[in-house]
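Got the viewer open? Let's take a walk through this one, stop by stop.

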Amino acid sequence: MNELHYLNLDEKKMQPVVDGLKQLLADFQVYYTNLRGLHWNVRGKGFFTLHAKYEELYTDVAEKVDEIAERLLQVGATPESRFSEYLKTSEIKESKFEQCGVNGLHQVLDTLKVLIRKERELIEKANEAGDDATVALMDDYLQGQEKSVWMFVAELANGEK
């Protein structure tokens, strides 16, 4: 059964959306693992705040991973589940585990920059395909990520970590 038929979406127009979702899934999976490393290994000034913040971030990313995988299934695609494949395709690379709060926050900001760019590109592709559901999903992600960027930049500006 072809889900796209019932969703009134054209398979050819949806292929770039599917490709973008698969790429984003790989990127978010690697980001999730990097956040776990930051959470486990943070040390020093700001430990309590950052330890909790990294946990909040990886919990949020885990939900996004599931949403992206389910969106792929909704449009008739199969989400990748092998980490070895994520590492081959992800633009986000495995990071060394930073103990310093400043370095960890810069790592998060660099990752968010990549994700935001890819989500904006995916919105364009989804708009071209008439895929309003993917557009809405990416819009939701952007709202939260843009707020996080603002807060992390503000934190780094105070020079306390």
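Keep in mind that this is a predicted model. Start with the aromatic rings: searching the whole structure turns up 4 aromatic pairs. We'll visit two of them.

**Stop one: F28 and Y141.** Select both and show the side chains. Their ring centres sit 6.0 Å apart with 65 degrees between the planes, an edge-to-face pair. Now colour by helix: F28 belongs to helix α2 (residues 11-41) and Y141 to helix α6 (residues 132-157), so this pair ties together parts that are 113 residues apart in sequence. Buried or exposed, these two? Switch on a surface to check: F28 is buried, and Y141 is buried too.

**Stop two: F47 and F48.** Here the ring centres are 5.3 Å apart and the planes meet at 75 degrees, so this pair is edge-to-face as well. Keep the surface on for a moment. F47 is partly exposed, at a relative accessible area of 28%, while F48 is exposed, at 72%.

**Stop three: R71.** Move along to helix α3 (residues 47-74), where you'll find R71. Is this arginine buried or exposed? With a relative accessible area of 7%, against a cut-off of under 20% for buried, R71 counts as buried. Which residues does R71 touch, leaving aside those up to four places away in sequence? Select L9, L21, D131, A133, T134 and L137 to see them.

**Stop four: the charges.** Colour the positive and negative side chains in two shades. The protein chain carries 20 positive and 29 negative ones, and the centres of the two sets are 5 Å apart.

**Last stop: zoom out.** Hide the side chains and go to cartoon view. There are 6 helices and 0 strands in the protein chain, and the order along the sequence reads α-α-α-α-α-α. The radius of gyration is 17 Å, close to the 15 Å that the globule rule gives for 161 residues, so the chain is as compact as a globular protein of that length. Turn the C-alpha trace along its principal axes and you'll see it span about 55 × 30 × 20 Å.

Bring the surface back once more. About 9000 Å² of the protein chain is accessible, and 51% of that belongs to carbon and sulfur atoms. Of the 161 residues, 42% are buried. Finally, show the contacts between residues at least 6 apart in sequence: 78% of them join residues at least 24 apart. The F28 and Y141 pair from stop one, 113 residues apart in sequence, is a handy one to go back to.

Methods
Residues numbered from 1 in each chain as written. Predicted model: local features only at pLDDT ≥ 70, side-chain atom pairs only at ≥ 80, totals over all residues. Heavy atoms only, no water. Helix = DSSP H or I, 4+ residues; strand = E, 2+ residues; numbered from the N terminus. Rg over C-alpha atoms; globule rule 2.2 N^0.38 Å. Buried < 20%, exposed > 50% of the residue type's maximum accessible area, 1.4 Å probe, protein only. Contact = heavy atoms within 4.5 Å. Areas by Shrake-Rupley, 256 points an atom, 1.4 Å probe, with all protein chains shown as cover. Lys, Arg positive; Asp, Glu negative; His and termini not counted. Charge placed at Lys NZ, Arg CZ, Asp CG, Glu CD. Phe/Tyr/Trp six-rings, centres within 6.5 Å; stacked < 30°, edge-to-face > 60°.
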